[in-house]
Amino acid sequence: MSMTPAQAARQELTGFAGQLVGPDDSGYDEARAVYNAMIDRRPALVARCGDTKDVSQAVGFARDHGLPLAVRGGGHHGAGLGTCDDGVVVDLSPLKDIEVDPRARTVRVGGGCVWGEVDRATHEHGLATPSGIISTTGVGGLTLGGGLGHLSRKCGLTVDNLLEAELVLADGAHVRASADENTDLYWAIRGGGGNFGVVTSFLFRLHEVSTIVAGPTFWPVELGAEVLTAYRDFIPHAPRDLNAFFLFGSVPPAPPFPEELHLRKIAGVVWYYAGEDTDAAARVMAPLLDVLPAPLLHAPAPMPHPAIQSAFDGLYPPGDQWYWRADFVNDIPGDAIGLHAKFGAELPTWKSTMHLYPIDGAVHDLAPTDTAWSYRDARWASVYAGVDSDPANAEHIKQWTVDYFDALHPFSAGGAYVNMMMDEGQERVRASYRDNYARLARVKADRDPRNLFRLNQNIQPATGS
């Protein structure tokens, strides 16, 4: 009888510092789980890597045995790209080292960290680097796809603050990518996803960010068109210290939200002002608030940076059903606003939502070809997310998401933020990298010619001359 991949790995991977988990092991179901419970895949082996040597061995095992290879950091991707059926999952979660250098204003982060861990470590020194909006998200996945979040307008994308990375390549080699070393990789990993190797360590630039003013403002969902119109006209002209993303959603049925608002559908804005002066924050928010009716709730308040970064964690714990679609957007004309208002009022479940993130300020300081992340000239990134804890609602939330996307896609810029795409096909990937795709394909052909790292928003290796 032939050995299973897990049995073979235990025999072949000598000196493996981490843990090798197969389908017959007691911790298998926990080891294979990802954030989105709609994803239920059964890998042949989960290699929980304890160090870089483990990563290299696990990559080599998958390569030499012809097995599919998935790489998991935080496991948050909606399409479940951090896992696979009948293949090898390289699980980076044990790689948790974080080293803050407050004098140099840098932080070195292990590939298995999540953003909440980084935020807590850097906040002790009054520093932060841009990330997303949910602190349980993995550092690796969010970074390699670009990194949009609360600090984007002031400090740029996460990749704009990536100084170097250490990677394990398809051939098992361990290399460093920076502005001075392996510059092709350094360009490609800043937005090109996990196509080029397994990043075991990141070095980020830090900024002085400590106490900030943040929180939501909610209006009745019936005012959705009016609020979105005012937001569209307001945010491009706001100072860079202010970030605000628009959303349709429902008021969570828990404190600190007033009980009379629980589960009420709303149109809203989530504010982030990169400073602790509440009067200054109020002044820069005023041009939007002054043109709209009185809100149901206006709750921006001073708080530590990590508090707003983790504010959505309780609302969206691991184990919910998720289905996402996304687009980059240049303009939001009246017809699009009407469609947004329609679908925003038809949220299928109370956790389902639509977010519209601004892309301007510091993000526009770089050109589309400066990094792999191409859409520097876009104005917003939209995401439609059907979410519910009940598997019985999976098809319902998926249909709302797809219908919303189909209705608004004609108004899009073409591609989407790859961190918020499902498995939507090669043409969609090409559209999301535009003119950068050909260069990415050449780097892919050089670094991963057999496309070992293909369980991602895949960039296929260039062929021919």
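The end C-alpha atoms of residues 38-209 lie 36 Å apart. This span is 24% helix and 26% strand. The model is a predicted one. An unreviewed UniProt entry annotates residues 38-209 as "domain: FAD-binding PCMH-type".

Begin with the sheets. Strands of a sheet pair through backbone hydrogen bonds, either parallel or antiparallel. One open sheet has four strands, in the order E1-E2-E4-E3. Its pairing is mixed. Strand E1 (19-21) and E3 are the edge strands, and each pairs on one side only. Neighbouring strands here are turned by 20 degrees against each other on average, direction ignored. Helix H3 (residues 52-65) packs on this sheet and touches E2, E3 and E4. The direction of H3 makes about 170 degrees with that of E4. Look next at E1 and strand E2 (residues 45-48). They run antiparallel and are joined by three bridges. Gln19 has Arg48 in E2 as its bridge partner.

A second open sheet has five strands, in the order E5-E6-E10-E8-E9. Here the pairing is antiparallel. Which strands stand at the edges? They are strand E5 (98-101) and strand E9 (174-178). Each has a single partner strand, so one side of each is left without a neighbour in the sheet. The twist averages 15 degrees from one strand to the next. Four bridges hold the antiparallel pairing of E5 with strand E6 (residues 106-110). Asp101 is one residue to find, with Thr106 in E6 as its bridge partner. Helix H4 (residues 115-123) lies across E5, E6 and strand E10 (198-205). H4 runs at about 35 degrees to E5.

Now move to two loops. His76 sits in the loop between strand E3 (69-72) and strand E4 (88-91). Is His76 buried or exposed? It is buried, because its relative accessible area is 13% and the cut-off for buried is under 20%. Leaving aside neighbours within four places in sequence, His76 is in contact with Tyr35, Ile134, Thr136, Thr137 and Trp324. Gly149 lies in another loop, between helix H5 (139-145) and helix H6 (152-155). Gly149 is buried too, with a relative accessible area of 7%. Its contacts, again leaving aside neighbours within four places in sequence, are Ser131, Gly132, Ile133 and Asn243. Gly149 and Pro130 are 19 residues apart in sequence. In space, their C-alpha atoms are 6.6 Å apart.

Strand E17 comes next. It covers residues 321-329. How many of its nine residues are buried? Nine are, and the strand is mostly covered. In a regular strand the side chains alternate between the two faces of the sheet. On one side of E17 are Gln321, Tyr323, Arg325, Asp327 and Val329. On the other are Trp322, Trp324, Ala326 and Phe328. Both faces are covered. E17 also runs antiparallel to E19, and nine bridges join the two. Gln321 has Asp388 in E19 as its bridge partner.

Several residues of E17 bring us to the aromatic rings. The whole structure holds 17 aromatic pairs. Take Tyr316 and Trp322. Their ring centres are 5.1 Å apart and their planes stand at 55 degrees, so the pair is tilted. Tyr316 is buried, with a relative accessible area of 5%. Trp322 is buried as well, also at 5%.

Compare the pair Phe328 and Trp373. Why is this pair called edge-to-face? Its ring centres are 5.3 Å apart, and its planes are at 80 degrees. Planes over 60 degrees apart count as edge-to-face, so this pair earns the name. The pair links distant parts of the chain, 45 residues apart. Phe328 is in E17, while Trp373 is in the loop between strand E18 (353-358) and strand E19 (380-388). Both residues are buried.

Ring pairs can also join into a group. Tyr35, Tyr316, Trp322 and Trp324 are linked into a cluster in this way. Two members, Tyr35 and Trp324, are among the contacts of His76.

Rings can meet charges too. The charged end of Lys342 sits over the ring of Phe343, 4.2 Å from its centre. The charged end of Arg439 sits over the ring of Trp187, at 3.8 Å from the ring centre.

Key
Residues numbered from 1 in each chain as written. Predicted model: local features only at pLDDT ≥ 70, side-chain atom pairs only at ≥ 80, totals over all residues. Heavy atoms only, no water. UniProt positions renumbered as here; feature names shortened; annotations may be inferred. Phe/Tyr/Trp six-rings, centres within 6.5 Å; stacked < 30°, edge-to-face > 60°. Buried < 20%, exposed > 50% of the residue type's maximum accessible area, 1.4 Å probe, protein only. Lys NZ or Arg CZ within 6 Å of the ring centre and 35° of its normal. Contact = heavy atoms within 4.5 Å. Pairing = 2+ DSSP bridges. Axes fitted to C-alpha atoms, helices over the stretch in contact; angles between N-to-C directions.
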